[in-house]
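Trainee: I should like a close look at a single part of this model, namely one strand pairing and how it relates to the contact between the two chains. Please take me through it in one connected account.

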Amino acid sequence: MTPEQRWSWLLLAVVAGSLGWIVATRVQPAAQPVAAVVAAPPLVDVSAQTLGGAVVRLSEHRGQVILLNLWATWCPPCRAEMPLIQAAYEQYRDDGFVVLALSQGEEAATVAAYVRDAGLTFPVWLDASGAAGRAYQIRALPASIFIGRDGTVRAVYRGPLSRSVIDGTVAPLLAEPGGS
Amino acid sequence: MYPLLELGPLNLATGGLTLLLAAYWWSQRFERRAAHPAAADAAIAALVAAVLVGRLAFGLTHWSLYGADPALFLALRIAEFWWPAAYGAALLAIVLVARWRGAAPAALLDAAALALPWPQALASLGLLLSGDAPGQPTSLPWAVPMLGALRHPLGAYLALSALALAAALGWLARRQPPPGRLAAVATFGQGVLLLLWEPLNAAALTTVAGVHVVQLAGLGLIIGAMLALRPTTRPLADATGS
C-alpha cells in the first residue's frame, strides 16, 4: 500500500469517526430533567407587570417550555424576530410552549400599541427596571432564554432568532419529560 | 462574570473588547513571524474578510430572518458570526494578498497559523469571563455557576485546547516542516476544536435535524486540512505555490 493510499484510508476513518461523533452529540431530548443532576437553583425567577398592570412571576409558568424574550419596541432586530416568534408560538403552544416577552424599560402604552399592530398573542410583560436582564446577565437586545420544563436555562441566544433556531431548540425541550 | 467594563459614562462589553484585543495581538504576532512587508496588508485583509464573510454566512444560514430584513446584516454581535466561514475567508484573504504582493502564500499562511492559538486562548477566556460562551449544565466538580445552573466552563475548554494547539504547532515549527504544513495542521486543529466542543455550547442553536451545523463545518476543515497534508510525489516547489 502506497503512502497516498494509507492516507486515504486514514482520511476515511477520520471522516467516519467524526460523523459518528456528530450524530452521537446531536441535539435530542434529555432522558431525564437536567435539574435532577445539577445542584443549582432550578429557576432564576423574575417578576414583571402585565400590560394591564398586574404583577406576574416567571415561576407561574414552571412546567412549560419557556422562551423568555428580552426586547424593546425601539430595537429593530427585536421587531424583526417577532413575526417568527409569533409563528412558533402558534405552532407549539398546545404542546406546552409559552413565549414571555419582557419589554425592557418601556411604557405600557407604547408596548401595547406595538403588540396590537404586530398581532402578538403571547404574553408581553413590562420589565421597567430591567431586573430580568440583570438576573440573566443580558446587556444587549434582543436576547432569548430557553427554559426547560424542569426550570433550568437550557439555551441562551443573543440577537434576533431565526425560525430554524427556535424550532431546533424548542422541539427537543418539548419532548422531554416534565420537571419535578 | 464580568460582562461590562464601566469606564465613566461608558459601558463596554468585555467579550467584544477581548476579541478586539485578541485580533490586534494576532496581527502583531503574524507580522512579526512572517517578517515580510506584505504581512501587514495580509493581516488587515484577513480580519476584514473574516468579519464580512463570517457575518454574511451567518445571515445566509438564518435566511428566514435576514432575508426578510437585510438591514440586520449591519448589526454586529459576537454570537452572530459563522466562525468556520470567517476562518476560511481569512486564509483565502492571506493567499490573495500574498499573490498580489509577490510573497509565498504558504509562508504567510504558516505565520498566520502559528500566531493564532495564543490570541485565540485569550479570546476564549474573555468569552468565559464575559458570559458569552455559556456551557451546558453539568454536575462535574469544575462546573461554574452561570445563568442559574452549574455549567461547563466552555471558554476554559476552548482556551486549553488552543494552548494545546499552540504547543503542537510550536513543536512542529521547530522541526522546520515544508511550507504550508503548519497552516494545514492548524486548520485540522481548528476543525477538531469545533467538532469537540460545539455540543457543550449552550448558545449553539443552529441545527439541522438536531445536528450542529458548526460541527459539520469543523469536519469540512478537517477534510480540507487532511487533503492538503496528503503525501504527494509532486516536487516540493509545486506544493509551496512559489
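Mentor: In this predicted model, strand S6 (residues 143-147) of chain A pairs with S7(A) in the antiparallel sense, over 5 bridges. The hairpin of S6(A) and S7(A) has 5 residues between the strands, and there Gly151(A) takes a positive phi near 90 degrees. Strand S7 covers residues 153-158 of chain A, and 6 of its 6 residues are buried. Within this pairing, Arg158(A) of S7(A) is the bridge partner of Ala143(A).

Arg158(A) also leads to the other chain. Its side chain meets that of Asp132(B) in a salt bridge, at 3.6 Å from N to O. The count of salt bridges between chain A and chain B is 1, and 9 residue pairs are in polar contact between these chains, both residues at pLDDT 80 or more. S7(A) is one of the elements that each supply at least two residues of the side of chain A that touches chain B; helix H1 (3-24), helix H2 (76-92) and helix H5 (163-174) of chain A are the others named. The largest share, 12 residues, comes from H1(A). By type, the residues on this side of chain A divide into 32 nonpolar, 9 polar and 7 charged.

As for the interface as a whole, 48 residues of chain A are in contact with 51 residues of chain B. The two chains bury about 4,100 Å² between them, 65% of it on carbon and sulfur atoms. Arg158(A) reappears here: together with Trp7(A) and Arg139(A), Arg158(A) supplies 17% of the area that chain A buries against chain B, more than any other three residues.

Notes
Residues are numbered from 1 along each chain as its sequence is written. Chains are lettered from A and ligands numbered from 1 in the order in which they are written. This is a predicted model: local features need pLDDT of at least 70, side-chain atom pairs count only at pLDDT 80 or more; totals for chains, interfaces and linings use all residues. Side-chain values use heavy atoms; hydrogens and water are left out. Contact means heavy atoms within 4.5 Å. Buried area is the accessible area (1.4 Å probe) that two parts lose on being put together, summed over both. A salt bridge is a side-chain nitrogen of Lys or Arg within 4 Å of a carboxyl oxygen of Asp or Glu. A polar contact is a pair of N or O atoms within 3.5 Å; within protein, one must be able to donate a hydrogen and the other to accept it, and residues adjacent in sequence count only if both atoms are side-chain atoms. Helices (H or I, at least four residues) and strands (E, at least two) are DSSP runs, numbered from the N terminus. Ala, Val, Leu, Ile, Met, Phe, Trp, Tyr, Cys and Pro count as nonpolar, Asp, Glu, Lys and Arg as charged, and the others, Gly among them, as polar. Buried means under 20% relative accessible area, exposed over 50%, partly exposed in between (1.4 Å probe, protein chains only). Two strands pair if DSSP finds at least two bridges between them.
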